[in-house]
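User: Hi! I'm new to reading protein structures, so could you walk me through this one?

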Amino acid sequence: MSSFTFTQVDVFTDQPLKGNPLAVVHGADVLSDAQMRSFAHWTNLSETTFLLQPTDPAADYRVRIFTPNEELPFAGHPTLGSCHAWLQAGGTPRVRGMVVQQCGVGLVRIRQSESGAAFAAPALKMEAVDDATLEKVLAALGLARERVLAAQWLQNGPRWLTLLLDSADTVLAVEPDHGALKGLAEVGLVGPYLAGSACQFELRAFAAVIGVPEDPVTGSLNAGVAQWLIERGDAPKRYLASQGQRLGRAGRVQIEHDGRTLWVGGQSVSCVRGELTL
């Protein structure tokens, strides 16, 4: 057995226990795929990451990202949480203020600021949702069709069937049938708050298909939603999103489009530090 430095980080929050937890294993180069999968299944968190030496000379570190059941090429809160843990463990980026992460989708830039960190959203693929699939998803969500303003497949690593609903209250009221969703899709919901609210949108993410009934705060979904809504003209180029209320969390996701790049950011706090034996 070998020992590894271990950090459990809460992401998209500055308050411990109010964001989305992430397990991070440092110096994991000697671990096999099977060991990584087994540990991620054991933590039973939405994601567990493993920090490795980069194979691309432009990267500061490499990360592999696992849900309890599968490996992901990219995910948002694991990107910010892994970067936070890497920096706290003494990592020094090649370029001051900008960390470069290597993962399944290639290189991802993560900029540092006083308000936390933000990753450059990967390229987004969008596809129309066919009526038959949409009707099944709406039935599993218990949602009336008239509550849906738009529907779109969004893929930037994970693939989300995403619904723009008429309000944040409608998003928060949804009581999904996770068993039914398990055979359908990863589903994201977004709805606007009234003008003048602290946050512009409320999001929820249902991912029973990968063993996560509801994810507390989801960076990849927020990235895809922001690109989609800004392109539609339904969101400003800078806004604050809320996620996790129904799970007792208070996730906050900062969105900024600078004209060329969409940045998705937030704060992170380390809650557990120690040694892992595998």
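Analyst: Sure! One term to start with: helices and strands here are DSSP runs, numbered from the N terminus, and H2 is the helix of residues 76-88. Keep in mind that this is a predicted model.

User: How many cavities of 30 Å³ or more does a search of the whole structure find?

Analyst: The search runs over the whole structure, with 30 Å³ as the lower limit. The largest cavity has a volume of about 120 Å³. The number found is one.

User: Which element gives the largest share of the lining of the largest cavity?

Analyst: The lining has 18 residues, and among the closest to the cavity's centre are Glu47, Trp160 and Asp215. Elements that give two or more residues are H2, strand E14 (212-215) and helix H6 (219-232). The largest share is three residues, and they come from H2.

User: By class, what is the lining of the largest cavity made of?

Analyst: Let's go through the classes. Three of the lining residues are charged and six are polar. The nonpolar class has nine.

User: On to the rings. What kind of pair do phenylalanine 50 and phenylalanine 66 make?

Analyst: A pair of aromatic rings is described by the distance of the centres and the angle of the planes. For phenylalanine 50 and phenylalanine 66, the centres are 5.7 Å apart. Planes over 60 degrees apart count as edge-to-face. The planes here are at 85°, so the pair is edge-to-face.

User: Is phenylalanine 50 buried or exposed?

Analyst: Buried means under 20% relative accessible area. Phenylalanine 50 has 0%, so that residue is buried. Its partner phenylalanine 66, at 1%, also counts as buried.

User: How many residues apart in sequence are the parts tied together by phenylalanine 201 and tyrosine 239?

Analyst: These two form an edge-to-face pair, with 5.1 Å centre to centre and 65° between the planes. Phenylalanine 201 lies in strand E13 (residues 201-207) and tyrosine 239 in strand E15 (residues 238-243). So the pair ties together parts of the chain whose separation is 38 residues.

User: Which residues do ring pairs link into a cluster?

Analyst: A search of the whole structure finds seven aromatic pairs. Phenylalanine 50 and phenylalanine 66 are both part of the cluster. The full set is Phe6, Phe39, Trp42, Phe50 and Phe66.

User: Last one: which residue lies over the face of tryptophan 153?

Analyst: Here we look at what sits over the ring of tryptophan 153. The distance from the ring centre is 3.8 Å, and the residue is arginine 159.

Key
Residues are numbered from 1 along each chain as its sequence is written. This is a predicted model: local features need pLDDT of at least 70, side-chain atom pairs count only at pLDDT 80 or more; totals for chains, interfaces and linings use all residues. Side-chain values use heavy atoms; hydrogens and water are left out. On a 1 Å grid over the protein atoms alone, a cavity is a set of points where a 1.4 Å probe fits but cannot get out, and a pocket is an open set with protein on both sides within 12 Å along at least five of seven lines; lining residues have an atom within 4 Å of a point. Grid points are joined across faces, edges and corners, and a volume is the space filled by probe spheres set on the points. Helices (H or I, at least four residues) and strands (E, at least two) are DSSP runs, numbered from the N terminus. Ala, Val, Leu, Ile, Met, Phe, Trp, Tyr, Cys and Pro count as nonpolar, Asp, Glu, Lys and Arg as charged, and the others, Gly among them, as polar. Rings of Phe, Tyr and Trp (its six-membered ring) pair if their centres lie within 6.5 Å; planes under 30 degrees apart count as stacked, over 60 as edge-to-face and the rest as tilted. Buried means under 20% relative accessible area, exposed over 50%, partly exposed in between (1.4 Å probe, protein chains only). A charge sits over a ring if NZ of Lys or CZ of Arg is within 6 Å of the ring centre and within 35 degrees of the ring normal.
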